[in-house]
Amino acid sequence: MYQGETASKLGHLDVLKSDHVKRLIEEFESLKANDSNVDDLSTWNTVEHKASPFKLIYCVDGSIASLIGLGPIKKELAFVKTALFVLDESSLDTIDKKYPHPLQMKKLMENSANLHATVFPLKNIRLKDNSLYDSVRRIIFDSFNDPSQDGHIYETYKWLIYKKWDSQKNNLSPAFQCPHLSCLRQIEGLPYNTDRSTCPHCSGEILSTDIIGFHMEMNEFAAPDSLATSYMLLHETISLFSAIRYFWENDKVQLNHILFIKDGPLSLRSQYSKLVPNIRAFLKFSKDQNYPVYLIGQEKTGAFDEFFQTIEKHIEPKELNQKFSSYKVLTHKYIRESVQCAPFRENEYGLKTNYGEKVLVKVDSKTAIVLNIPPYEYKTNLDDDYMNYPQANDLIGVERIIEGLHSLVTVKYKNALLPIVLANGVASLSSYPSASVLKLFAFDRLNIK
Ligand SMILES: [Zn+2]
């Protein structure tokens, strides 16, 4: 259907006249709220509200603005912005918790964010002397080396792919596919700390950022919008780990007083999941060294949030004056059977993509949020107790994280954590500079009408 075309009313009549459709509608019955949505309350734990154990809160977020030029040839590009934002817990005392004033929030954000921006050609635009495909590869390499970030992002990327916390200093990168379209063969990994190399099969140039596999989303002539989203999600993850790495290398003791927050789930999908085993390995290693990293992601939309919002009214606390939170760690079996309503499968939930497990938290009577918290160790279906994995004691610092969460919520923003609200504001491309300003900026310079 063309955009703007309305479906003809006759078309609707055809559907309604169909005996098959009528029969089906008669058979439908709507589920009552209480049919399937009362949870077993004995599986919930409670945590008394305490002063937050964290002094600093790091939070990361990003946004995208895609632009399409007018004219006979459709030109398309996408801006990406990410922001890593740090908040001093004590500064939250200076703002009205219930109804924070925008100016108070703005003051908190001044000088406390690390910003990164880049731009991708998606269709009919490219770098001089490069195909669009190679333009995007080069832009990713250059963007990771964004000089405004003093190389921290690229160093953190290398720290993750070569597991640089490991004193052996000889780890190969994860295996990956050669980006050259005439080759596309599997490469077993780049030698430790390599920035550029050549493909052992086709001798084409390889950049260390080719390992992630952004090129697998593109073809020779165009890149989809999803490429910008993938870049943003990956850059957010690496930005957050750049703060973790900073403290790991300079002042590990501080990690005990810092909460790291990502807006969205702790997961990386498809080819990007090749970083997940390394992230899991570091989080386990940091706990083994007695410097655990306190990390959460908040899932504000999607199946888990929808599910929780249907059951949360049955969960304590139900009154404003109750000074505790309750939480439930979702086992993989529970996720399959109650959230996804599918039979339990041997193929483990999030086996390759997740570095956090799902935790439902009723922070106070008005706030119900879905968190992701990393486990110390992933269990597979080869482990005995795998059916009921994970439990609360499998997750890194779950109660310590939850006991102070009440200090981060506000009635002004429903089911939101204040640091994420602030990071959204810093990272947003839709508010300032506005998308139309970006359009003028980009298309004027490119002489695109
Ligand atoms: Zn090759």
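Here are some numbered notes on this predicted model, going from the whole chain to single residues.

1. Let's start with the overall picture. The chain runs to 449 residues, and buried residues make up 50% of them. Its secondary structure consists of 13 helices and 15 strands. Of the contacts between residues at least 6 apart in sequence, 72% join residues at least 24 apart. About 22,600 Å² of the chain is exposed, with carbon and sulfur atoms supplying 53% of that area.

2. Helix H6 (residues 152-161) is a good place to look next. Eight of its ten residues are buried, so the helix is largely enclosed by the rest of the structure. The buried residues are Ile 153, Tyr 154, Thr 156, Tyr 157, Lys 158, Trp 159, Leu 160 and Ile 161. Their cover includes helix H5 (132-144), helix H7 (225-250) and helix H8 (276-288). Just after H6, Lys 163 takes a positive phi of about 45°.

3. Helix H2 (residues 19-27) makes a nice counterpoint. None of its nine residues is buried, so H2 lies largely in the open. At the N-terminal end of H2, Ser 18 acts as a cap, with a side-chain oxygen 3.3 Å from the backbone nitrogen of His 20. Leu 24, which is found in H2, joins Ile 25 and Phe 28 in a nonpolar surface patch with about 320 Å² of accessible area together. Leu 24 itself has a relative accessible area of 36%, so it counts as partly exposed.

4. Which residue pairs with Lys 158 in a salt bridge? The partner is Asp 195, with N and O 2.7 Å apart. Asp 195 sits in the loop between strand S6 (186-187) and strand S7 (196-198) while Lys 158 belongs to helix H6, so the pair ties together parts that are 37 residues apart in sequence. Lys 158 is buried at 4% relative accessibility, whereas Asp 195 is partly exposed at 31%.

5. Two further salt bridges are worth a look, out of a count of 18. Glu 217 pairs with Arg 269, their closest N and O atoms being 3.4 Å apart. Glu 217 is in the loop between strand S8 (205-207) and H7 and Arg 269 in the loop between S9 and H8, so this pair links parts that are 52 residues apart in sequence. Glu 217 is buried, with a relative accessible area of 17%, and Arg 269 is partly exposed at 44%. The other pair is Lys 362 and Glu 312, at 3.3 Å from N to O. Lys 362 lies in strand S12 (residues 357-364) and Glu 312 in the loop between H9 and S11, so parts that are 50 residues apart in sequence are tied together. Both partners are buried: Lys 362 has 1% relative accessibility and Glu 312 has a relative accessible area of 15%. Salt bridges with shared partners also join Asp 134, Arg 137 and Asp 210 into one network.

6. Lys 262, in strand S9 (residues 258-263), deserves a close look. Although Lys 262 is buried, it has no salt bridge: Glu 236, the nearest side chain of opposite charge, is 4.1 Å away. Since a salt bridge needs the nitrogen and carboxyl oxygen within 4 Å, a reader checking this pair may want that cut-off in mind. What does lie 3.1 Å from a polar atom of the Lys 262 side chain? That is the backbone oxygen of Pro 265. Beyond residues up to four places away in sequence, Lys 262 touches Val 60, Glu 236, Thr 237, Leu 240, Ile 296, Gly 297, Gln 298, Tyr 355 and Ile 420.

7. Finally, some backbone geometry to check by eye. Most residues other than glycine have a negative phi, and most peptide bonds are trans. The bond from Glu 316 to Pro 317 is cis, with omega near -5°, and Pro 317 is in the loop between helix H9 (303-311) and strand S11 (324-329). The bond from Tyr 389 to Pro 390 is also cis, with omega near -5°; Pro 390 is in the loop between strand S13 (367-373) and helix H11 (398-403). Ser 270 has a positive phi near 35°; this residue lies in the loop between S9 and H8 and is partly exposed at 37% relative accessibility. Asn 290 has a positive phi of about 65°. Its place is the loop between H8 and strand S10 (294-299), and Asn 290 is exposed, with a relative accessible area of 65%.

Definitions and conventions
Residues are numbered from 1 along each chain as its sequence is written. This is a predicted model: local features need pLDDT of at least 70, side-chain atom pairs count only at pLDDT 80 or more; totals for chains, interfaces and linings use all residues. Side-chain values use heavy atoms; hydrogens and water are left out. Patches are made of residues with over 30% relative accessible area and no salt bridge: like charges are joined within 9 Å, nonpolar side chains (Val, Leu, Ile, Met, Phe, Trp, Tyr) within 5 Å. Accessible areas come from the Shrake-Rupley method with a 1.4 Å probe; for residues, only the protein chains shown count as cover. Helices (H or I, at least four residues) and strands (E, at least two) are DSSP runs, numbered from the N terminus. Buried means under 20% relative accessible area, exposed over 50%, partly exposed in between (1.4 Å probe, protein chains only). Lys and Arg count as positive and Asp and Glu as negative; His and the chain ends are not counted. A polar contact is a pair of N or O atoms within 3.5 Å; within protein, one must be able to donate a hydrogen and the other to accept it, and residues adjacent in sequence count only if both atoms are side-chain atoms. Contact means heavy atoms within 4.5 Å.
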